[in-house]
Structures are given as structure tokens and as C-alpha cells.
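Reader: I'm new to this, so please take me slowly through one part, the place around the ligand. After that, tell me about the loops and helices you'd look at next.

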Amino acid sequence: MRVLMVAPPGAGKGTQGAVIAEHFHIPRVAVGDLLRRNVAEGNDLGRRVEPLLGRGELVPDEIVLELLRQGLEQARSAGGGYVLDGIPRTMEQALAAYRVARSLGMTADVALHLRADDDELMRRLLKRAAVEHRADDTEPVIRQRLKLYREVTAPVLTFYERRGILLEVDATRSVEAVSADVLAALRARAGA
Ligand code: AP5
């Protein structure tokens with residue numbers, strides 16, 4: 001099973017990505033987590049991306065595509081399945097990610113879109129802010145992340161719809177209800 005997730009901040013990419021990875025025994029490649037790990041380590045890459053993450057802006061393509069390539073190569077060694085969280089964010093990334101995955105014989109079976117409205121997303125991220133203190137979980141930066149998603153990421157969904165691999169799920173319900181729908185739909189596709 002090869003799944004990529006296209007969803008706004010707070011929709012549950014991390015949460016549902018972990019559920020999918022556990023259920024199908026596949027690795028989860030989460031670009032945001034990898035970037036934050038580099039920031040925490042204070043290495044060159046981390047220093048370069050830290051201000052961009054803090055402002056809710058996109059990191060340059062060459063960085064995320066290299067993380068993608070590394071993640072997919074590890075996934076190939078682990079059996080070839082994956083759940084990809086955080087990429088693509090632009091049409092250019094979608095096309096580049098497709099080329100990278102095709103060169104490895106690992107193009108996605110499903111593009112999972114978790115749908116949720118901005119009010120619900122803002123509520124979730126501000127709630128998380130009180131617990132986790134992520135640098136980009138402040139109200140103005142969340143607004144910027146949501147704006148970027150609506151303007152440059154959401155149009156990518158059409159690409160996956162045309163390829164016939166788009167799966168849409170209402171992500172405004174409980175975590176358990178969303179997981180149940182996601183897993184049922186993915187199992188159906190895996191058996192199809
Ligand atoms: P990234 O880490 O990917 O952040 P994001 O897209 O803003 O998404 P979040 O992690 O905030 O939310 P999520 O959808 O994973 O939801 P989660 O499960 O955590 O990226 C961070 C930054 O890295 C970007 O802004 C950018 O700078 C850079 N970056 C990353 N990828 C890039 C790329 N490809 N190109 C360029 N730059 C890139 O859930 C959120 C909260 O809601 C949690 O507290 C959770 O417990 C809760 N929750 C989840 N589901 C539910 C539910 N059903 N009901 C109630 N609460 C829920």
C-alpha cells in the first residue's frame with residue numbers, strides 16, 4: 001500500500017498517517033517531522049529551514065525532494081509500501097515527487113485528502129499549541145499555513161483526481177471515526 005496525504009494543517013495527516021502505517025505495517029515518511037528533527041539537532045539544514053518553519057512558509061523544493069528520495073529509498077528496503085505525510089505542497093512538487101517515485105518504481109496507489117474547515121483546524125492547532133509548543137502553532141502563523149494550503153496545495157488535488165487515485169474523507173469527526181473510514185477505504189482499494 002502506497003499512500004500520500006494531501007490535507008490542510010491540523011486535518012490529521014500525522015494522526016491518521018500513524019494509524020495507516022501501523023495497520024498496513026508500512027513506514028511513514030513525514031517531511032515536517034524530518035525538518036523539525038534537523039532544527040532540533042541544530043545542524044546546517046536545521047538552521048536554514050528554521051525561520052521558514054517559524055513563519056509557516058514553504059521550504060525549498062530541493063530540500064524536501066531530497067528528504068523524499070531518502071524516505072522512499074528506505075521504504076523500498078522495508079518492502080516498498082509507504083505513507084507519505086507533507087509532500088506535495090505545490091503542483092511542481094507533485095510532478096517532481098511523481099518522477100522520483102516512478103524512478104524507484106514506487107508511485108502512489110492512493111492520494112488521501114482529509115477534508116476539514118478552517119475554524120475546526122484553527123481550534124485543533126491552538127489546542128495543540130497549549131500542550132506541544134510547536135513554533136508554528138501561533139494564530140498568525142496558523143492563518144498563513146492555512147492560506148498557503150488553500151492557495152497552492154489544494155489545487156494539487158485535481159492532479160490526483162485525474163489520475164484516478166484520489167480518496168476523500170470527512171476529517172471533522174472523531175479520530176476513531178475518521179480512522180475507521182480511512183482504513184475501510186484503503187482496504188477496499190488494496191483488495192480491488
Ligand atoms: P507539517 O509538519 O507537515 O505541518 P502541517 O502541514 O502544518 O500539519 P500539522 O502537523 O500541523 O497537522 P496534521 O495535518 O499532521 O495534523 P495532526 O495529526 O498533527 O509541516 C510543517 C512545516 O514544514 C510547513 O509549514 C513547511 O514550513 C514545512 N514543510 C513541510 N512539508 C513541506 C513541503 N513539502 N514543502 C515545503 N515545506 C514543507 O493533528 C493536529 C492536531 O489535531 C493534533 O493535536 C491532533 O491530536 C488533533 N487531531 C487530529 N485529528 C483530530 C480529530 N479527528 N478530531 C480532533 N482532533 C484531532
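Author: Let's get the vocabulary for helices and strands out of the way: both are DSSP runs numbered from the N terminus, where a helix is H or I over at least four residues and a strand is E over at least two. This is a predicted model, so local features need a pLDDT of at least 70 and side-chain atom pairs count only at pLDDT 80 or more, while totals for chains, interfaces and linings use all residues. Residues are numbered from 1 along each chain as its sequence is written, and side-chain values use heavy atoms, with hydrogens and water left out.

Now to the ligand. It sits in the largest pocket. A pocket is worked out on a 1 Å grid over the protein atoms alone, as an open set of points with protein on both sides within 12 Å along at least five of seven lines; its lining residues have an atom within 4 Å of a point. "Sits in" has a cut-off too: more than half of the molecule's atoms must lie within 2 Å of the grid points.

Who surrounds it? There are 31 residues around the ligand, and T15, E57, R89, R128 and R145 come nearest. A residue counts as near when one of its heavy atoms lies within 4 Å. By type, this shell divides into 13 nonpolar, eight polar and ten charged residues. Here nonpolar covers Ala, Val, Leu, Ile, Met, Phe, Trp, Tyr, Cys and Pro, charged covers Asp, Glu, Lys and Arg, and polar takes the others, Gly among them. Helices α1, α2 (31-41) and α6 each supply at least two shell residues, and α2 gives the largest share, with four.

Let's zoom in on some atom pairs. A nitrogen atom of the ligand is 2.9 Å from an N or O atom in the side chain of Q93. Backbone atoms take part as well: a polar one of V59 is 3.0 Å from a ligand nitrogen, and a polar one of G12 is 3.1 Å from a ligand oxygen. On its own the ligand has 1,000 Å² of accessible area, and the protein covers 87% of that. Such areas come from the Shrake-Rupley method with a 1.4 Å probe, and for residues only the protein chains shown count as cover.

Stay with Q93 for a moment, since its backbone nitrogen is reached by the side chain of T90 at 3.0 Å. That is a polar contact, meaning a pair of N or O atoms within 3.5 Å; within protein, one atom must be able to donate a hydrogen and the other to accept it, and residues adjacent in sequence count only if both atoms are side-chain atoms. T90 is in the loop between β3 and α5, and it counts as buried because its relative accessible area is 11%. The cut-offs are under 20% for buried, over 50% for exposed and partly exposed in between, using a 1.4 Å probe and protein chains only. P88 is also found in the loop that runs between β3 (82-85) and α5 (91-103), and the peptide bond from I87 to P88 is cis, with omega near 10°.

Next, follow the chain to the loop between α6 (118-132) and α7 (139-153), where you'll find H133. H133 has a positive phi of about 55° although it isn't a glycine. Its relative accessible area is 63%, so H133 is exposed. D136 is placed between α6 and α7 too, yet D136 counts as buried because its relative accessibility is 9%. The side chain of D136 makes a polar contact with the side chain of R134, at 2.9 Å.

H25 has a positive phi of about 55° as well, again without being a glycine. H25 is in the loop between α1 (13-24) and β2 (28-30), and at 69% relative accessibility it counts as exposed.

Finally, a peek inside two helices. G46, in α3 (residues 44-55), is buried, with a relative accessible area of 1%. Its C-alpha atom is 9.6 Å from that of L34, twelve residues apart along the chain. L72 belongs to α4 (residues 61-77) and is buried at 1% relative accessibility; the C-alpha atoms of L72 and V83, eleven residues apart along the chain, are separated by 9.8 Å.

Notes. 1 Å grid on protein atoms, 1.4 Å probe; cavity = no way out; pocket = protein on both sides within 12 Å on 5 of 7 lines; lining within 4 Å.
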